[in-house]
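The report below describes a single protein chain, moving from individual positions to helix packing and then to the chain as a whole. Please keep the sequence and the structure at hand while reading.

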Amino acid sequence: MRDRLDASGPRGTKPKKVFSRRNIVLYGTLLIVAVYYLLPLYVMLVTSLKDMTEIRMGNVFAPPTEITFQPWVKAWSEACTGVNCDGLSRGFWNSVRILIPSVILSISVALVSGYALSKWKFKGSELFFTMLLVGAFIPYQVMLYPIVIMLRETGMFLSNFDPLTWTRQGVCFALGPLSECDGTGRIQLFGSISGLVIVHTIFGMPINVLLFRNYFASIPEELFKAARVDGAGFWGILFRIILPMSLPILVVAMIIQVTGIWNDFLFGVVYTRAEQYPMTVQLNNIVNSVQGVKEYNVNMAATLLTGLVPLTIYFFSGKLFVRGIAAGAVKG
């Protein structure tokens, strides 16, 4: 009787303790790492919500006794950057005008290039791809001055495709030398948003082509051959078969491009003028060029405002980013 009860008892692996030594070490390490990365964000947030009197008391980690949003208002619309005192608002819209065409252009060109290099290989395609990857490892500083010369000399061949004013600029360019353009009809790429868009598009190509090429290479070859048998051509296969299957890798490429372009400082300060400075350059000017009392609450609010766009994108598309990476983005 006792043997039969033992045989009919609970089976399977023995339940593990929640507070085992392994779990304590694992979750303790994760907690320390999380606190390490989140602590600066917490300090920035609570500092941006304090007034200067409370900040001078010196308790950096204490929450604000009286919350104020005036530093955020000043950082957005009143903080001075040189002779201009319009805050980060102008830099924000400049960054939007740089970001949208740069992301669309770089992803579109890289998508077609990756598709051609994976499914329509031609003689020398591997050499071309290798050269593209080698170009990604050249330090940006080496290319700064050559690109300045290229933008200065080739400006007359390209129109300004700033999305907010493209209609006016396109008509202006088509009609020829009008005073509304610059008096000569020549489009200046160096020192303009258009020039910076081209720079970001070119520098985003290697990593995006690598992502798309490896992702498309993981698509079964039989699917591609069946479409060919049915009469589909280069663009037909791309738009009807490849694109509907490419949402994860498109999100990955978009996140990488948005983050890189929005956080860029080097290209923004070199290839644009003061009127077209992106948000990161405006942030640097607010933090470093203020005379007199350092307003730490305004500086913290300005920093949080500058990082708000990448943070929002990460929060809302994080799962798709992981899916894209796991679906073959880094295979190859």
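In this predicted model, Ala 62 sits in the loop between α3 (52-55) and α4. Its relative accessible area is 19%, and because the limit for counting as buried is under 20%, Ala 62 is classed as buried. Leaving out residues up to four places away in sequence, Ala 62 touches Tyr 42, Val 46 and Lys 50. Ala 62 and Thr 47 are separated by 15 residues in sequence, and their C-alpha atoms are 8.9 Å apart in space.

Thr 47 itself belongs to helix α2, which covers residues 21-48. With a relative accessibility of 8%, Thr 47 also counts as buried. When residues up to four places away in sequence are not counted, Thr 47 is in contact with Ile 55, Tyr 296, Asn 297 and Met 300.

Asn 297 appears again in the packing of helix α4 (residues 70-77) against helix α16 (residues 296-306), where it is one of the α16 residues that make the contact. The axes of these two helices come within 8 Å and cross at roughly 65°, and the crossing is right-handed. From α4 the contact involves Pro 71, Trp 72, Lys 74, Ala 75 and Trp 76, while α16 contributes Asn 297, Val 298, Ala 301, Ala 302, Leu 304 and Leu 305.

Two further packings share helix α13 (residues 247-262), and their geometry can be set out side by side with the one just described.

| Helix pair | Angle between axes | Axis distance |
|---|---|---|
| α4 and α16 | roughly 65° | within 8 Å |
| α5 and α13 | about 140° | 9 Å |
| α10 and α13 | about 170° | 10 Å |

How are α5 and α13 oriented to each other? Their axes make an angle of about 140°, which makes α5 oblique to α13, and the crossing of this pair is right-handed. On the α5 side the contact is made by residues including Phe 92, Ser 95, Val 96, Ile 98 and Leu 99, and on the α13 side by residues including Leu 250, Ala 253, Met 254, Gln 257 and Trp 262.

Helix α10 (residues 205-217) meets α13 at an angle of about 170°, and α10 is therefore roughly antiparallel to α13. Asn 208, Leu 211, Phe 212 and Tyr 215 of α10 form this contact with α13 residues, among them Pro 248, Ile 249, Val 252 and Ile 256. Leu 250, Ala 253 and Gln 257 of α13 take part here, and these three residues are also part of the contact that α13 makes with α5.

Ala 217 lies in α10 as well, but with a relative accessible area of 49% it is partly exposed. Apart from its neighbours within four places in sequence, Ala 217 is in contact with Ser 118 and Lys 119. Ala 217 and Tyr 115 are 102 residues apart along the chain, and 8.4 Å separates their C-alpha atoms.

A comparable sequence-distant pair is formed by Ile 198 and Pro 101, which are 97 residues apart in sequence and 9.1 Å apart in space, C-alpha to C-alpha. Ile 198 is found in helix α9 (residues 193-203), and its relative accessible area of 17% makes it buried.

Which residues have the most contacts inside the largest nonpolar core? They are Phe 212, Phe 216 and Tyr 271, in a core of 57 residues. Helix α5 (residues 89-119) supplies the largest share of this core, with 10 residues. Tyr 271 touches, among others, Met 143, Leu 144, Ile 147, Val 148 and Leu 151, as well as Phe 190 and Leu 196, with residues up to four places away in sequence not counted.

Taken as a whole, the protein chain has 17 helices and 0 strands. Of its 332 residues, 38% are buried, and the chain exposes about 20100 Å², of which carbon and sulfur atoms supply 69%. Among the contacts with a separation of 6 or more, 73% are between residues 24 or more positions apart.

Technical notes
Residues numbered from 1 in each chain as written. Predicted model: local features only at pLDDT ≥ 70, side-chain atom pairs only at ≥ 80, totals over all residues. Heavy atoms only, no water. Helix = DSSP H or I, 4+ residues; strand = E, 2+ residues; numbered from the N terminus. Buried < 20%, exposed > 50% of the residue type's maximum accessible area, 1.4 Å probe, protein only. Contact = heavy atoms within 4.5 Å. Areas by Shrake-Rupley, 256 points an atom, 1.4 Å probe, with all protein chains shown as cover. Core = buried A, V, L, I, M, F, W, Y, C linked by side-chain atoms within 4.5 Å. Axes fitted to C-alpha atoms, helices over the stretch in contact; angles between N-to-C directions. Parallel < 35°, antiparallel > 145°, perpendicular 65-115°, else oblique. Left-handed = near helix turned anticlockwise from the far one by under 90°.
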